[in-house]
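Trainee: Could we go through how some of the labels on this model are earned? I'd like to see the reasoning behind each one.

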Amino acid sequence: PAATVPAMPMSSPPPLHFSPGPPVRALSGSSGRGAHSREGSYSPRVSSLNVLPSRQNIFWDASPHPHGLAPSSGHLIGVSDVPARLPSPAGLEASLLQRTCSPDRSELECASDYLAEGVTEEDALNLREAVFNLSNTVLGVGVLSVPYAFRLSGYFSLVLVLVVIAVTSRTAMFIGSALVLAERSPVAYSVPRRGRDFAFLAHIAFGDVGRVVIGAVTSLEIWFALVTFMVMNGVNASLVFPGIQRAEAVILSSLLSAAFVFVPMRVFSYLSLVSTLSLLVAMVAMVAAALTMWAWANPYDHIGKPALIQLQNLPRSVGIIVFCFAGHPCFPIVHECMLERSRWQLSVVITFFLALVYYGGLGVFGFLVFGTDLAASFTENLAHLQNALLCRTVSAIAFFVKIQLTAPLLMNAILVSVWAPKTGEAEWPPGRVLALASLTLFTALTAVAFADDVAVIASLTGSLFTMMTSVLFPTIAHLRLAHLFEWEGARSSCIPHILVIVFGVVMAVLGTALASQDMFQQDGVAV
């Protein structure tokens, strides 16, 4: 449903001037579902960094951006330091009347202009550019563990990939619809489009508590993803340099990530393009290496029914697959920067179709080639191919580059969520440098401790944290906003929400329990 801004008829509108004052109260006698108010204030802010909590997304600084690539925004959002109280939706008219507007234009025109504020010509995205940005967040190195999910649950994992994609694509559409509904809140007029993120939606839907909770969960998700990536890079580095122990490679990768945090964000915006190209090179090299094998495993020919489905491992496989779709916190900025937001659903459909081909195709391919010998990280299997030294080396190097250029962004996002730089002050005071060093040390030690359990960490992250940020939160937030702003059909169209919530809760509980159990077993996941 498209958001509509009520126009107030005026015979000869006088000039309207902005005058700061107390929070707007609900108008008496106005239509609406009671007075919706939140205690506390929502204070969007901006500094030299705009951090978007994502595993693969491009990060930008606050300077102008190349055309076609959306600047990202996350924990630091908006452009104003003035607190904006969240009044009742029924107070929208009074809020609009406080905006500055010339006497020869209607309030509706002025409100429309204000809604478009914050999106420049350089930021605007067409359909193709939106798909590129969404694909950059959805298609990532999580694919290294997807074949292992097939080893755990058999070919039925392809059905799980379909189900997860159906659920996460639906929640992506919920995010777009929730952003449209959130425009009906007066607080939206103090936050530019580029600043409307998960924290923005959580505050409007659930107040300050919701904003704090979703921020904490997202930060934990990023950290667990960072640990997983360090473990994966330990595997890749040990393949490229056989003389290096995996633990040593993990520590080295963590130190390099910390050093790259000091690289300016504008430079990293272009390095992110290099990381995307590295991912493509890695995929081609991986498939080429596997094709050099004289015979494939064909697991069904050897083990029969267990190659089709193993029910006891379904929650584990779902967690690994969901981990690949942790980019939903990036989606709001893409939606808000689209020139035609009515085509949001089409961009989601195209992106998740590519995800189906990418994850489903490589998952089936890896299981078909290596069968029950699949390692938790696909590149480990390539190390045993004697006739594909070049391809396996290129694949490992490309994945190493991809992860190494992504990890500093994750590390920076975590640090900003804990200690954000302040405008007009030094970005790296001694205390903040010490905080980065502590984060690096803690991450490296954790990654070393689980250096042989990458699938367990991926399953736990996907089942617990990604399930919250990419499945449950978008669904619940959309339901809440639909209820608050009286979206027509909110009651009759809640069946998809219920199904998604049931799926998310059940898989989160079962997957987290199994992953926690596996984490304390020396032999890892039992097949």
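Mentor: Sure, let's take two helix pairs and one loop residue, keeping in mind that this is a predicted model.

Trainee: Why is α3 called oblique to α12?

Mentor: Helix α3 (residues 127-138) and helix α12 (residues 344-370) pack at about 40°, with axes 9 Å apart. Angles under 35 degrees would count as roughly parallel, and 65 to 115 as roughly perpendicular. The angle of about 40° fits neither class, so α3 is oblique to α12. The crossing itself is right-handed.

Trainee: What makes up the contact of α3 with α12, by class?

Mentor: On the α3 side you have L127, A130, V131, L134, S135 and V138, while α12 brings residues including W344, F352 and Y359. Sorted by class, that contact has 13 nonpolar, 3 polar and no charged residues. Ala, Val, Leu, Trp, Phe and Tyr are among the types that count as nonpolar, whereas Ser is not on that list and counts as polar.

Trainee: And what about α5 and α16: which hand does their crossing have?

Mentor: Left-handed. Their axes come within 8 Å and cross at roughly 35°. The contact includes F174 and I175 of α5 and P474 and H478 of α16. By class, the count is 10 nonpolar, 6 polar and no charged residues.

Trainee: How do you know whether N298 is buried, exposed or in between?

Mentor: Its relative accessibility is 29%. Buried means under 20% and exposed means over 50%, so N298 counts as partly exposed. N298 sits in the loop between α8 and α9, and has a positive phi of about 45° despite not being a glycine.

Conventions:
Residues numbered from 1 in each chain as written. Predicted model: local features only at pLDDT ≥ 70, side-chain atom pairs only at ≥ 80, totals over all residues. Heavy atoms only, no water. Axes fitted to C-alpha atoms, helices over the stretch in contact; angles between N-to-C directions. Helix = DSSP H or I, 4+ residues; strand = E, 2+ residues; numbered from the N terminus. Parallel < 35°, antiparallel > 145°, perpendicular 65-115°, else oblique. Left-handed = near helix turned anticlockwise from the far one by under 90°. Contact = heavy atoms within 4.5 Å. Buried < 20%, exposed > 50% of the residue type's maximum accessible area, 1.4 Å probe, protein only.
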